[in-house]
Amino acid sequence: MRSTDLDTRRLWSEVSTVLEPLLDHPDDGGDDLTPADCGVILPRLEAIAFDWTEGCRDALLRQHVEDARRLAGVLRLCIEKRVPLLFL
């Protein structure tokens, strides 16, 4: 039997990343992200956004990169002001 992409998929619960507090958070409500959480997430989010811009010609991907940059700006503000990131 030949292996397929479906055979190699992992569950989110099996993935370890510094983005976990963000990825595992409900879209609305839930606990706030502390300034410390924001500080852990920010460098990785900025690195991903930077990597995605390399040779990016797809309009949808460019929009995702812009959204990631905006979120990075919010995370940076939370760190600087020492306030939590609220999910309303």
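## Two cysteines that don't bond

Let's start with Cys-78. In this predicted model, Cys-78 counts as buried because its relative accessibility is 6%. Another cysteine, Cys-38, is buried too, at 0% relative accessibility. So do the two sulfurs join up? Here the numbers say no: the sulfur of Cys-78 is 4.5 Å from that of Cys-38, its closest cysteine sulfur, and that is too far for a bond. The cut-off for a disulfide is 2.5 Å between the sulfur atoms.

How many disulfides turn up in a search of the whole structure? The search finds zero. Cys-38 is in no disulfide, and the nearest cysteine sulfur to it is the one in Cys-78, 4.5 Å away.

## The overall plan

Step back and look at the whole chain. The protein has three helices and zero strands, so if you read along the sequence you get the pattern α-α-α. Of its 88 residues, 19% are buried.

How do distant parts of the chain meet? Take the contacts between residues at least 6 apart in sequence: 60% of them join residues at least 24 apart.

## Helix 2, with a bend

Helix 2 runs over residues 35–53, which makes 19 residues. At 1.5 Å a residue it should span 27 Å, and its end C-alpha atoms are indeed 27 Å apart. Where does helix 2 bend? The bend is at Ile-41, by about 30 degrees, and a proline, Pro-43, follows within four residues. After the helix comes Gly-55, with a positive phi near 65 degrees.

Now for the side of helix 2 that is hidden away. Its buried residues are Cys-38, Ile-41, Leu-42, Leu-45, Ile-48 and Ala-49. Look at the spacing of those numbers with this in mind: an α-helix has 3.6 residues a turn, so residues three or four places apart point the same way. Among what covers the buried residues of helix 2 are helix 1 (20–23) and helix 3 (59–81).

Gly-39 also sits in helix 2, but at 31% relative accessibility it counts as partly exposed. Its C-alpha is 9.7 Å from the C-alpha of Glu-80, although the two are 41 residues apart along the chain.

## Helix 3 and its partner

Helix 3 has 23 residues. From its first C-alpha to its last it reaches 33 Å, close to the 33 Å expected at 1.5 Å a residue. Val-65, Ala-68, Ala-72, Leu-75 and Cys-78 are its buried residues. Which helix do they pack against? They pack against helix 2.

Leu-75 gives you a close-up of that packing. It lies in helix 3 and is buried, with a relative accessible area of 0%. Leaving aside neighbours within four places in sequence, Leu-75 is in contact with Cys-38, Ile-41, Leu-42, Leu-45 and Leu-85. Check that list against helix 2: Cys-38, Ile-41, Leu-42 and Leu-45 are among its buried residues. The C-alpha atoms of Leu-75 and Leu-45 are separated by 9.7 Å, with their places 30 residues apart along the chain.

## After helix 3

Two residues in the segment after helix 3 deserve a look. One is Arg-82, which is exposed at 72% relative accessibility. What is odd about the phi of Arg-82? That phi is positive, about 55 degrees, although Arg-82 is not a glycine. For background, most residues other than glycine have a negative phi.

The other is Val-83, which counts as partly exposed at 35% relative accessibility. Not counting residues up to four places away in sequence, Val-83 touches Pro-35 and Cys-78. Val-83 and Pro-35 are 48 residues apart in sequence, yet their C-alpha atoms are 5.9 Å apart in space. And with Cys-78 we're back at the buried cysteine from the start.

## The largest pocket

Finally, look for the open space. The largest pocket holds about 390 Å³. It is lined by 18 residues, and the closest to its centre are Leu-19, Leu-22, Leu-23, Leu-45 and Leu-71.

Which helix supplies the largest share of the lining? That is helix 3, with four residues. Still, helix 1, helix 2 and helix 3 each supply at least two. You've met one of the central residues already: Leu-45 is among the buried residues of helix 2 and is in contact with Leu-75.

Note on methods
Residues numbered from 1 in each chain as written. Predicted model: local features only at pLDDT ≥ 70, side-chain atom pairs only at ≥ 80, totals over all residues. Heavy atoms only, no water. Buried < 20%, exposed > 50% of the residue type's maximum accessible area, 1.4 Å probe, protein only. Expected span 1.5 Å × (residues − 1). Bend = angle between axes of the 7 residues up to and from the residue. Contact = heavy atoms within 4.5 Å. 1 Å grid on protein atoms, 1.4 Å probe; cavity = no way out; pocket = protein on both sides within 12 Å on 5 of 7 lines; lining within 4 Å. Points joined across faces, edges and corners; volume = space filled by probe spheres on them.
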